There are 4 protein chains.
Amino acid sequence: MGIPSYIDNMSEWKDSFSYRYPLSVRFSETDAFGHMNNTVAFVYFETGRINFFKDIGLSKEWFSSGGKMIPVTADLQCDYIRQIFFDQQLHVCVKVAHIGNSSVDLHYMVVNEKEEVCLTGRGRMVQLSRETGKPVSWSENARIYLQS
Amino acid sequence: MGIPSYIDNMSEWKDSFSYRYPLSVRFSETDAFGHMNNTVAFVYFETGRINFFKDIGLSKEWFSSGGKMIPVTADLQCDYIRQIFFDQQLHVCVKVAHIGNSSVDLHYMVVNEKEEVCLTGRGRMVQLSRETGKPVSWSENARIYLQS
Amino acid sequence: MGIPSYIDNMSEWKDSFSYRYPLSVRFSETDAFGHMNNTVAFVYFETGRINFFKDIGLSKEWFSSGGKMIPVTADLQCDYIRQIFFDQQLHVCVKVAHIGNSSVDLHYMVVNEKEEVCLTGRGRMVQLSRETGKPVSWSENARIYLQS
Amino acid sequence: MGIPSYIDNMSEWKDSFSYRYPLSVRFSETDAFGHMNNTVAFVYFETGRINFFKDIGLSKEWFSSGGKMIPVTADLQCDYIRQIFFDQQLHVCVKVAHIGNSSVDLHYMVVNEKEEVCLTGRGRMVQLSRETGKPVSWSENARIYLQS
């Protein structure tokens with residue numbers, strides 16, 4: 001298994017995350033093969049992403065707009081590097097990889113207790129107007145939060 | 001394991017259902033013990049319940065009220081009679097057990113391909129006003145749908 | 001809504017829990033009504049239960065048996081007292097209510113940041129032999145863990 | 001939003017699927033934004049994939065090996081083209097895009113009642129030995145099933 005196309009240098013990439021969110025693997029997240037079901041990776045990504053947005057202040061920006069804008073998933077991908085098992089203590093790491101006009105590319109990394117990389121991923125979020133369903137450009141504030 | 005308290009006579013009770021909704025057990029619904037995870041029972045109950053409400057016409061009533069009322073779960077219980085495994089073809093059976101002023105007591109039964117009872121359950125739904133959060137009495141129409 | 005039948009005195013019952021497990025409500029756990037979906041209550045109960053078993057030492061007992069025994073859900077119930085919303089910081093409280101020959105009755109309580117009770121529940125777990133599928137009596141050690 | 005990189009020509013790609021699996025969107029699969037939660041896409045992909053494997057005979061091959069081999073997800077990606085809502089009747093379409101030595105690349109498409117494309121996706125599955133955790137080359141039979 002090669003390196004995913006969105007990663008240039010694995011060791012540099014791994015060091016480039018500063019935000020980490022802790023998670024324990026729930027029993028209901030395992031499947032009959034005895035490990036974490038593959039679909040759960042995206043639940044972890046979402047949980048990490050939303051807490052990351054809260055941490056940098058972007059959620060506040062969304063709420064202060066009176067719910068006029070919502071962040072929507074444009075695409076998502078995950079590479080499964082190492083199996084994950086029940087009760088493991090993980091960290092979901094999230095970082096901004098690229099800021100577009102009304103979208104943002106995020107990178108994800110899930111590591112286990114030994115700091116071994118279990119999952120890597122990326123995905124683009126777009127900010128939409130709840131009314132029109134059309135993309136809305138980032139405000140200056142939002143841009144500052146994303147660059148922080 | 002005795003008979004659950006909400007069932008008088010198991011064989012009569014089993015025959016009293018007329019509504020059935022088909023379901024296949026998904027792989028993501030199993031857990032590391034190799035069977036359906038216990039939490040999934042309530043996903044099946046909800047799926048059966050909502051399709052039952054649609055079938056008897058009650059959903060239409062809710063939608064025609066312009067979304068002013070929502071059905072909310074007051075309580076739920078499940079008895080696990082027989083293990084359920086990946087890829088089994090199940091039926092969720094739903095019936096009205098009692099109609100209150102603004103609530104309804106539903107009974108649930110999940111059977112496998114051999115018509116063996118795997119899960120039994122019950123629970124009360126309450127119709128709330130979305131605005132006030134207070135219970136709203138059933139309309140005459142809703143009552144007719146529930147008695148049908 | 002009266003007091004659930006498994007609770008004698010609400011205020012005494014509330015004070016009788018000593019084990020608490022922290023949880024944040026994930027966005028994927030909400031539904032289109034804007035609150036936590038009812039099925040998620042049982043995911044929280046399971047998460048609390050398993051961590052409780054680990055905390056009192058019972059998981060160790062199960063693992064030391066070489067996986068010969070597994071804990072299985074016999075029944076579960078939940079009363080929904082107060083709506084739960086995205087991003088709330090909850091605690092799942094778990095306690096032993098009754099120890100049977102090969103089973104245990106657990107009580108559950110989920111409280112929000114203000115210590116308001118959102119969910120109450122109970123359910124019976126049975127210890128089964130993985131080989132025969134039959135109930136297996138608690139060992140002396142297991143009994144001590146459960147009584148602690 | 002451009003065409004995902006794994007699709008050359010959208011209209012030809014859309015016509016290239018012959019396997020379809022029907023699904024209804026469950027209420028518990030929506031989130032507080034009122035639509036299907038993004039993480040559910042991968043539950044649909046898995047459900048489609050497993051039924052596809054069963055349909056072409058590959059599951060039989062796995063079971064006849066006495067459970068020595070398991071199919072594991074190497075990577076997955078999804079592009080969200082159109083919002084999906086509660087109670088929509090969908091079809092998950094699955095096809096083989098490329099057969100490797102011990103892996104297979106699958107493409108996914110989810111369409112709604114109007115045959116509008118809601119989700120597109122792809123992902124690689126690898127056949128592993130349960131004992132060694134190492135990839136195992138496809139048998140002649142498995143290869144025939146995948147090419148069918």
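1. The contact between chains C and B comes first. In this predicted model, 16 residues of chain C touch 16 residues of chain B. On the chain C side, two elements each supply two or more residues: α2 (40–56) and β2 (69–80). Strand β2(C) gives the largest share, with 9 residues. By class, that side of chain C holds 9 nonpolar, 4 polar and 3 charged residues.

2. The same two chains are also joined strand to strand. β2(B) and β2(C) run antiparallel and are linked by 5 bridges. For a landmark, look at B:L76, which stands opposite C:C78 in β2(C). Read this pairing together with the contact list, where β2(C) is the largest contributor on the chain C side.

3. Now chains A and D. They share an open sheet of 10 strands with antiparallel pairing. Reading across, the order is β1(A)-β3(A)-β4(A)-β5(A)-β2(A)-β2(D)-β5(D)-β4(D)-β3(D)-β1(D). The step from chain A to chain D is therefore the β2(A)-β2(D) neighbour pair, since two strands count as paired once DSSP finds at least two bridges between them. The edges are β1 (19–24) of chain A and β1 (19–24) of chain D, each of which pairs on one side only. From one strand to the next, the twist averages 25°.

4. One pairing inside that sheet deserves a look. In chain A, strand β4 (residues 103–111) and strand β5 (residues 117–129) run antiparallel, with 9 bridges between them. Within this pair, A:H107 sits opposite A:R122 of β5(A).

5. Check the backbone at Asp87 in chains B and D. B:D87 has a positive phi of about 75°, yet it is not a glycine. Most residues other than glycine have a negative phi. B:D87 lies in the loop between β2 (69–80) and β3 (89–99) of chain B. Is B:D87 buried or exposed? Neither in full: B:D87 counts as partly exposed because it has 13 C-beta neighbours inside 10 Å, while the buried class starts at 20 and the exposed class ends at 12.

6. D:D87 gets its own entry. Its phi is positive too, about 75°, and D:D87 is not a glycine. Where is D:D87 found? The residue is in the loop of chain D between β2 (69–80) and β3 (89–99). With 13 other C-beta atoms within 10 Å, D:D87 is partly exposed.

How values were computed. Residues numbered from 1 in each chain as written. Chains lettered and ligands numbered in written order. Predicted model: local features only at pLDDT ≥ 70, side-chain atom pairs only at ≥ 80, totals over all residues. Helix = DSSP H or I, 4+ residues; strand = E, 2+ residues; numbered from the N terminus. Axes fitted to C-alpha atoms, helices over the stretch in contact; angles between N-to-C directions. Contact = placed C-beta atoms within 7 Å. Nonpolar A, V, L, I, M, F, W, Y, C, P; charged D, E, K, R; others polar.
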